[in-house]
Amino acid sequence: AVVGSGPAGLGAAYYLRTMGYHVDVFEEKPLPGGVMRYGIPAYRLPDSAIDKDINFIKKIGVNILTNKRVGRDITMDEVEKKYDAVFLGTGFFKARNLDFPGSDHKDVMAAMDFLPQVRDYERGVLKLEDINIKEHILVIGGGDVAFDVARSATRLQILKYGKASVKLTSLENWDELPASDDEVMEGVDEGIQFFCGNGPQEVILDKGQIKGVRMYKCLCLTDQDGRFNPQFDKECVIDIPTEQVFLSIGQMPDYDYIPENLKSRMTFTRGKIVSDLYGQVKGLEWLFVGGDIMRGPDLISGVADGHRAAQGIDDYLYKKAKVKEVSAYMQELRKSVKDNTPELTHKQKSR
């Protein structure tokens with residue numbers, strides 16, 4: 001069983017199938033693909049490209065079960081009993097939130113809640129009016145996902161209002177943005193306004209409506225020990241006007257589908273599941289992991305994790321089969337010896 005049909009899950013499924021295994025993939029959403037399908041904008045990765053790979057994976061015999069969430073439609077205990085090995089590749093789809101005044105407003109939205117809506121609009125599942133998109137938007141974050149949000153919002157604003165007004169702010173300064181260079185340059189070309197080197201402190205409200213976000217100048221991101229601990233200059237204040245805020249400050253895993261009796265036997269480091277090189281979880285030999293929940297967000301590494309996990313699962317099942325084979329042989333040998341040994345008489349037994 002493979003839980004999650006993102007890059008890691010599909011990678012594991014493909015390689016396991018080519019080794020001859022029966023593979024069932026469980027996907028909670030209507031379409032397979034994970035972050036490729038619902039997180040990356042179509043202008044970077046269209047459905048046609050994703051479908052080409054997934055259709056091939058289906059054609060070689062991988063069974064993909066959509067609208068099937070482990071933990072809701074089938075329990076992990078049931079999955080463990082039904083399958084010889086299980087691979088988890090559920091990704092980082094849960095949004096991280098900032099806790100500051102006004103951050104719970106209905107017009108403050110997480111990136112991974114917004115981007116799937118954009119993809120659904122592009123494939124005709126949603127209409128433009130179904131998406132909450134205001135005329136003035138502020139994106140908080142400086143990574144690739146933040147630029148995905150900003151550039152997607154720009155496109156929707158042009159469709160809805162005939163013009164775009166998207167601002168982006170980050171803790172990092174302009175020359176320290178973690179986003180890739182092409183994202184930044186294309187964002188500049190598309191008219192995104194930048195307010196780098198600032199940290200949000202409060203959503204400014206007027207009669208229940210967002211009017212802006214108050215920011216403090218960010219002095220540094222880490223403390224002396226290198227731990228993330230931003231420091232701000234409270235005297236250097238800027239109020240950025242906006243009607244809507246999108247938070248893109250990172251994603252986190254959703255482990256609600258894993259029961260406590262299994263979680264208690266697993267080791268977690270900064271939200272990621274600890275495993276060996278092949279994704280095998282210590283103490284749970286039948287369980288393998290890969291992708292975001294093993295190493296963090298990285299599409300290409302996710303595929304590689306799926307490949308390595310397939311090797312690990314194959315090795316685990318081969319050894320398991322050999323143990324059963326040897327056990328069966330020993331049972332047959334004992335039976336053969338017993339059947340070919342003459343029964344002792346009562347007198348012989350006594351002696």
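**Salt bridges, a parallel strand and a surface patch**

Lys319 and Asp315 sit four residues apart, about one turn of the helix, and both belong to helix α10 (residues 299–339). In this predicted model, their side chains meet in a salt bridge, with 3.2 Å from N to O. Lys319 counts as exposed because its relative accessibility is 51%, above the 50% cut-off. Asp315, with a relative accessible area of 37%, is partly exposed.

This pair belongs to a wider set of charged contacts: the count of salt bridges comes to 24. Another of these joins Arg37 to Asp47, whose closest N and O atoms are 3.3 Å apart. Here distant parts of the chain are linked, since Arg37 lies in helix α2 (residues 35–38) and Asp47 in helix α3 (residues 47–59), 10 residues apart. Both Arg37 and Asp47 are buried. They also take part in a network of salt bridges whose other members are Asp51, Arg119, Asp120, Glu122 and Arg123.

A further salt bridge brings together the side chains of Asp239 and Arg214, at 2.8 Å from N to O. It links strand β12 (residues 228–241), which holds Asp239, with strand β11 (residues 209–222), which holds Arg214, across 25 residues of sequence. Asp239 is partly exposed at 39% relative accessibility, and Arg214 is partly exposed at 31%.

Turning to the strands, β7 (residues 137–140) directs Ile137 and Val139 one way and Leu138 and Ile140 the other, and all are buried. Four bridges join β7 to the parallel strand β8 (residues 166–170), where Thr169 is the bridge partner of Ile140. Between β7 and β8 the chain passes through helix α6 (residues 144–161), making a right-handed β-α-β crossover. Strand β13 (residues 244–247) also pairs with β7 in the parallel sense, again over four bridges, and in β13 the partner of Ile140 is Leu247.

Beyond β8, the loop that leads to α7 contains Leu177, which counts as buried at 11% relative accessibility. Leaving aside residues up to four places away in sequence, Leu177 touches Gly142, Phe147, Ser170, Glu172, Val184 and Cys196. Thr267, by contrast, is 90 residues from Leu177 in sequence and 32 Å from it in space, C-alpha to C-alpha.

Helix α7 (residues 181–189) holds Met185, which is partly exposed at 45% relative accessibility. Together with Trp174 and Val188, Met185 forms a nonpolar patch on the surface, with about 290 Å² of accessible area for the three residues together.

Note on methods. Residues numbered from 1 in each chain as written. Predicted model: local features only at pLDDT ≥ 70, side-chain atom pairs only at ≥ 80, totals over all residues. Heavy atoms only, no water. Patch = residues over 30% accessible without salt bridge, like charges linked within 9 Å, V, L, I, M, F, W, Y side chains within 5 Å. Areas by Shrake-Rupley, 256 points an atom, 1.4 Å probe, with all protein chains shown as cover. Salt bridge = Lys/Arg side-chain N within 4 Å of Asp/Glu carboxyl O. Helix = DSSP H or I, 4+ residues; strand = E, 2+ residues; numbered from the N terminus. Buried < 20%, exposed > 50% of the residue type's maximum accessible area, 1.4 Å probe, protein only. Pairing = 2+ DSSP bridges. Right-handed = clockwise from strand over helix to strand, strands pointing away. Contact = heavy atoms within 4.5 Å.
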